[in-house]
Amino acid sequence: MSPGPAAAIGLEVHCQLTGLKSKLFCPCRADYRGMAPNTNVCPVCVGLPGTLPRPNRRAVEKALQVAAALGCSTPPRLAFFRKCYFYPDLPKNFQITQLDAYGPSSAGSGGRVRSAGREVGVRRVQLEEDPGRLVYEGGRMSRGALADYNRAGVPLVEIVTEPDFAEPGEARRFLAMLAGLLRSLGSDPSLEGALRADGNVSVGGGSRVEVKNVASFHDLEKALRYEITRQRSMAARGIPVAPETRHWDEARRVTAPSRGKEEDMDYRYHPEGDIPQIEVGRDELAALAAAMPEAPPAKRERYESAAGVSPQVAEVLSSDAYCSALFDEASAGADPGDAREMANLITTDLMGLVDTAEKRKASKLTAPRIAELARAVRSGAVTRASARGALREMVRAGGGLAGTAAGRGGAVAGEEEVARAVESVMRDEPGAAAAARADPKAVNYIVGRVMAATGGRADPGTAVRLVREGLARGA
Amino acid sequence: MAAPGGTLEKMVEEVRSGAATCEERALAAVEKTRERDGRLRAYISLNERAVEEARAVDARVRAGEDLACPGLTVSVKDNICVAGMPATCASRMLEGYEPPYDATAVERLRAGGAVFTGKTNMDEFAMGLTTEFSAYGPSRNPWDADRVPGGSSGGSAVSVSAGMCDASLGSDTGGSVRNPASFCGLVGYKPTYGLVSRYGLISYSNSIEQIGPLARTVRDAAFVLDIMAGRDPRDATTVGRGPGSMLDGIEGGVAGARVGIIRQMMAGGGAPQEAAGRAASALERLGASCEEVSLGSAEHAVAAYYTITSAEAGSNLARYDGIRYGHCGIPQEGYEFHAYVSKARGRFGPEATRRLILGGFVPSAGHAGRYLLKALGVRRRLAAEIGALLERVDVLLSPTVPVLPFRIGEKIDDPVVLFTMDFNTVAANLSGRPAVSVPFGTSGGLPVGVQLMGREMGDADLLRAARALEGAAGPPAAPPGAPP
Ligand SMILES: [Zn+2]
């Protein structure tokens, strides 16, 4: 990241409640994926004249649970509003959503939640209907678009944060936490389009720029990074940053100004008279919170206090539903020291190995195996370095520690064995040894060769010390 | 057709007992329509299958099915959906549109054995009080074919008044059932907001409008209302209804009842105001006590009404862009979406366009505080004021419309004059209260209507008072050419 004035990043996230049976205002399916275009529709969700919305109570409950998990307060009465704009993906040419302009009536507002090592403000959590989808045959420049209303009316929870993130990586970690939260509420945020995020960025207290059209979290991080660099370099040259909406251009890897005038849009919000205000009793709220599966913030708390896991590791672990489930199962009844080791193995090694939903699905690793590996690391039978290799094999082939190279090699390689490996590497690769004498950074290459020669069983500290000694002797 | 003062109940009994058939009744309706509608133009489209459907109901009766209203011939305003029949809202925008479903009110009547005669003319999207703002041309008043039948449910009123059917379903947003009922010598009933499902009523101003019956007598209106009323899971704004029929106790009279005459609505001293005064005296003779009351907010009600209805129309009518249904305006050439939408929306007629422009303005960011929010405030105050009055009195009385039916074309060019015509009717809509127009004599050969407004969910009480007033009015007069 280029140096410069501090950045302030906020997020606007849209999460589909894919786990529900039906859409927000009609009986059509909430999960439309895999269906032929315009087959998951009824008179209500295509907005035929005379139809009326029937609010889905389950969707309201889920939104309230999201709000509660993000520390938001919920008003005694929820209201819906019409947000008016013309777009062909919007069957009624208005969207039914929520608004706090006339007093709080959204599912939640004013929340605070710990994420990425800091307190993040949650401005609002609101429930709204997803628009349909437009398909541009032959790309955006094509002359026409096809409209598919299968998605129209799917329950969507919008979460808007305060601009409390300083780094794009923090924003990404918040999204991972949200994904975990949604999973715990029965939704599947990994489905295409189920979790969509826009960002906003300002640097040094300057104008706020919205960053939209980002396909993945990975791209969001890149887009935010690009935008911060752009704004900082403008600031450095004394050029004012315009408040505007910019779209992420995936091909060119830059943000570019949107041609639309979204900032000037007047949505003519007014009350949705077809939906009476929804009473939310305090008892009902408490019952919903109690019925909620453990949300990531609560999980993080438990990992820190019960297992003594460090705050950083606890946060990463609790934000990821797959990893926290694995950890919970592996660490059940375990010694806290072993549990901490499991947490470390999962967050530093395993997450890199299984970083996509497909890899996770294919993984053969089971909780008892990771518990076994953690115990072996703690007892010194396996080094941290070789544990990574062992994990890779467990993920690929399943089986226990005994089936892995680290397991077969038994305990940590003794100093003599490491010394022999150092000697043989320096003898076989005199060029590398010479380079390492000239440039201390090149030492790592030889250490790597030594680790490989010992099947990863050498203690890295010992290997570095012996390589340095060997280089000094040979000089 | 049902005898005046006699009732649809008796007619239905005849069908049940086999003394009459639905088919005969449907044929009679078709015959009358053929005879009268060329001139009066009550209908936009006719149900070509009406007789066939009537025969199917006869079969159900013969099979021993216990039906609520077998053989009842009902016309339906063209903004209420009947599956497989056009629903144009009298707009070129919805030319050729046929909804795939029945409105809940229609569905309930159909289940009861009603036969739908056709879809009736109206002001475009129910915006108007004369039925002149129809893409299909004006309907004519059976009492004097040169005069307007009132509106916006003008075609509905004409169809019943001229004997082309037994009853009609209209919609009342600011008086659109009561006004044409008054102009055509019928009973027009606007239920408590939420008593009748709006599912299938094509929204104009959804927070205030209701489907309501137009019929020749109070008992007939109550009979039709009774079949339609009640909670509907497809309309979240519906409320439950009391146990028993709306007809139970309808003959109970007004002895001991307190009647408030709304001072602000008696100004002018024309025939409608005189009729209202006579109506009050008649109720006193029946044992009610009358007093004059003041409804201060009434003076702002019409402005609030147009502000709120326009804002709601702005979003309710936004969906008509010709992409999914109705008139297909998609050009073969490439086009920019917003330019296309502007062009497609050029199919709205003048009054709808006027209100859509207003509807885009009043809720907009810079103006909501001065218009929409103020109007919503007036509405709350008005509702509270009416609530307080209805604690002191049982019903509020006024003329239904301040003027008698006027000539076609006479007032269409002055929207402000037209707007004042619903001074007496909008209060019931803005406050959600039930209200009814009851014919009370004639003046110069034209019918006059008196309005009663009642308590929220007090529909049965209101109908009882209306029935008493109807009885005091003496035998109803009928327009020339109508059934005896
Ligand atoms: Zn649907």
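Cys84(A) is buried in this predicted model. The call follows because its relative accessibility is 4%, and buried means under 20%. Its sulfur has no bonding partner: the closest cysteine sulfur, in Cys89(B), is 19 Å away, which is too far for a bond. Cys72(A) also counts as buried, at 12% relative accessibility. For Cys72(A), the closest cysteine sulfur belongs to Cys15(A). That separation is 12 Å, again too far for a bond. A disulfide requires two cysteine sulfur atoms within 2.5 Å. Over all chains, the structure holds zero disulfides.

Turn next to helix α11 of chain A, residues 384–397. Does its length fit the expected rise? The helix has 14 residues, and at 1.5 Å a residue it should span 20 Å. Its end C-alpha atoms are 20 Å apart, so the two values agree. Which residues of α11(A) are buried? They are Ser386(A), Ala387(A), Ala390(A), Leu391(A), Glu393(A), Met394(A) and Val395(A). An α-helix has 3.6 residues a turn, so residues three or four places apart point the same way. After α11(A) comes Gly398(A), with a positive phi near 75 degrees.

Now the empty space. The second largest pocket holds about 1,100 Å³. Its lining numbers 37 residues. Nearest its centre lie Pro271(A), Gly273(A) and Gln277(A), together with Ser207(B) and Arg379(B). Several elements each supply at least two lining residues: β14 (270–271) of chain A, and α9 (298–316), α12 (372–392) and α14 (426–431) of chain B. The largest share, six residues, comes from α12(B). By class, this lining has 19 nonpolar, eleven polar and seven charged residues.

Enclosed space is a separate matter. How many cavities of 30 Å³ or more does a search of the whole structure find? It finds five. The largest cavity has about 170 Å³ of space. Its lining comprises 22 residues, with Val44(A), Pro53(A), Lys92(A), Ile96(A) and Glu129(A) nearest its centre. Twelve of the lining residues are nonpolar, three polar and seven charged.

The second largest cavity has about 50 Å³. Among the residues that line it are Ala126(B), Met127(B), Gly128(B) and Leu129(B). Gly174(B), Gly175(B) and Ser176(B) also belong to this lining, as do Tyr204(B), Tyr305(B) and Tyr306(B). Arg355(B) and Asp422(B) line the cavity too. The lining divides into six nonpolar, four polar and two charged residues.

Terms used
Residues are numbered from 1 along each chain as its sequence is written. Chains are lettered from A and ligands numbered from 1 in the order in which they are written. This is a predicted model: local features need pLDDT of at least 70, side-chain atom pairs count only at pLDDT 80 or more; totals for chains, interfaces and linings use all residues. Side-chain values use heavy atoms; hydrogens and water are left out. Helices (H or I, at least four residues) and strands (E, at least two) are DSSP runs, numbered from the N terminus. The expected span of a helix is 1.5 Å times one less than its number of residues. Buried means under 20% relative accessible area, exposed over 50%, partly exposed in between (1.4 Å probe, protein chains only). On a 1 Å grid over the protein atoms alone, a cavity is a set of points where a 1.4 Å probe fits but cannot get out, and a pocket is an open set with protein on both sides within 12 Å along at least five of seven lines; lining residues have an atom within 4 Å of a point. Grid points are joined across faces, edges and corners, and a volume is the space filled by probe spheres set on the points. Ala, Val, Leu, Ile, Met, Phe, Trp, Tyr, Cys and Pro count as nonpolar, Asp, Glu, Lys and Arg as charged, and the others, Gly among them, as polar.
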